[in-house]
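Student: Please take a close look at one part of this structure and then set it in its surroundings. I have not seen this structure before.

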Amino acid sequence: MTLGLDLGYRDRFYIPRAADGGESVYLCGHSLGLQPKTVRAYIAQELRDWELLGVDGHFRARHPWVEYNKLLTEQTARLVGAQPLEVVTMNSLTVNLHLMMVSFYRPTARRHRIVVEENAFPSDQYAVKSGFMASIPRGHW
Ligand SMILES: Cc1ncc(COP(=O)(O)O)c(C=O)c1O
């Protein structure tokens with residue numbers, strides 16, 4: 001199947017073939033997108049810096065790791081319609097879920113339910129369960 005609209009992005013990614021060997025359209029609603037063709041070179045660069053610099057890569061790598069969060073600030077702000085000061089790109093999805101549960105889940109007697117899809121990713125389920133458990137005062141489990 002060929003898309004009618006091609007903005008030139010399709011060629012930038014490796015797109016898995018359909019089961020019958022034909023072209024496919026890749027629609028994925030969660031975190032694992034397509035592999036950009038440039039990603040191998042970017043990862044190789046970081047591995048080289050790690051190999052040659054070890055812990056000093058935090059400060060001397062081509063893209064110093066200690067400030068890696070700043071590399072995506074402008075793009076992330078544009079993506080979500082926020083000011084650069086209002087965003088930070090950090091952690092893994094699961095860690096961020098834990099942080100959101102700790103920061104925002106404030107159950108009351110009337111409002112305490114958490115709705116999660118039935119087959120949620122295992123780490124999502126653990127994050128929600130542990131956030132729920134953390135909201136219960138010790139001795140009340
Ligand atoms: C829906 C969903 N939840 C959680 C994860 C785990 O992400 P992470 O390893 O960044 O915590 C993934 C990863 O693919 C995911 O798709």
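Tutor: Helix axes are lines fitted to C-alpha atoms over the stretch in contact, and angles between N-to-C directions run from 0 to 180 degrees. Helices are DSSP runs (H or I, at least four residues), numbered from the N terminus. The model is predicted: local features need pLDDT of at least 70, side-chain atom pairs count only at pLDDT 80 or more, and totals for chains, interfaces and linings use all residues. Residue numbers start from 1 along each chain as its sequence is written.

The part to look at is the pair formed by helix 4 (residues 93-104) and helix 5 (residues 122-135), whose axes come within 9 Å and cross at roughly 25°. Angles under 35 degrees count as roughly parallel, and helix 4 and helix 5 are therefore roughly parallel to each other. On the helix 4 side, the residues that meet helix 5 are Thr94, Leu97, His98, Met101 and Val102. Helix 5 brings Ser123, Asp124, Ala127, Val128, Ser130, Gly131 and Ala134 to the contact. Two residues are in contact if their C-beta atoms, placed from the backbone, lie within 7 Å.

Gly131, a residue of helix 5, gives a closer view of this pair. Gly131 is buried because 20 other C-beta atoms lie within 10 Å (buried takes 20 or more, exposed 12 or fewer, and partly exposed lies in between). Setting aside residues up to four places away in sequence, Gly131 touches His98, Met101, Val102 and Tyr105. Gly131 and Met101 are 30 residues apart along the sequence, yet their C-alpha atoms are 5.3 Å apart in space.

Now the surroundings. The protein chain is divided into domain 1 (39-86) and domain 2 (93-135), with bounds from an automatic or database domain assignment. Taken over C-alpha atoms, the centres of domain 1 and domain 2 are separated by 29 Å.

Between helix 3 and helix 4 runs a loop that holds Val87 and also Asn91. Val87 has 18 other C-beta atoms within 10 Å and is therefore partly exposed. Beyond four places in sequence, Val87 touches Thr73, Thr76, Ala77, Val80 and Ala82. From Val87 to Thr73 the C-alpha distance is 6.6 Å, and 14 residues separate them in sequence. Asn91 counts as exposed because it has 12 C-beta neighbours inside 10 Å. The phi of Asn91 is near 65°, a positive value in a residue other than glycine. Most residues other than glycine have a negative phi.

Helix 3 (residues 73-80) is hardly covered, and among its 8 residues the count of buried ones is 0. Gly81, just after helix 3, has a positive phi of about 70°.

Further back along the chain, Trp65 sits in the loop between helix 2 (57-60) and helix 3. Trp65 is partly exposed because 17 other C-beta atoms lie within 10 Å. Apart from neighbours within four places in sequence, Trp65 is in contact with Gly57 and His58. Trp65 and Val55 are 10 residues apart along the chain, and their C-alpha atoms are separated by 9.5 Å.

Val39 belongs to helix 1 (residues 39-53). With 12 C-beta neighbours inside 10 Å, Val39 therefore counts as exposed. Between Val39 and Phe121 there are 25 Å, C-alpha to C-alpha, at a separation of 82 residues in sequence.

To return to the helix pair, Gly131 is buried and is one of the helix 5 residues that meet helix 4.

Definitions and conventions: Helices (H or I, at least four residues) and strands (E, at least two) are DSSP runs, numbered from the N terminus. Angles under 35 degrees count as roughly parallel, over 145 as roughly antiparallel, 65 to 115 as roughly perpendicular and the rest as oblique.
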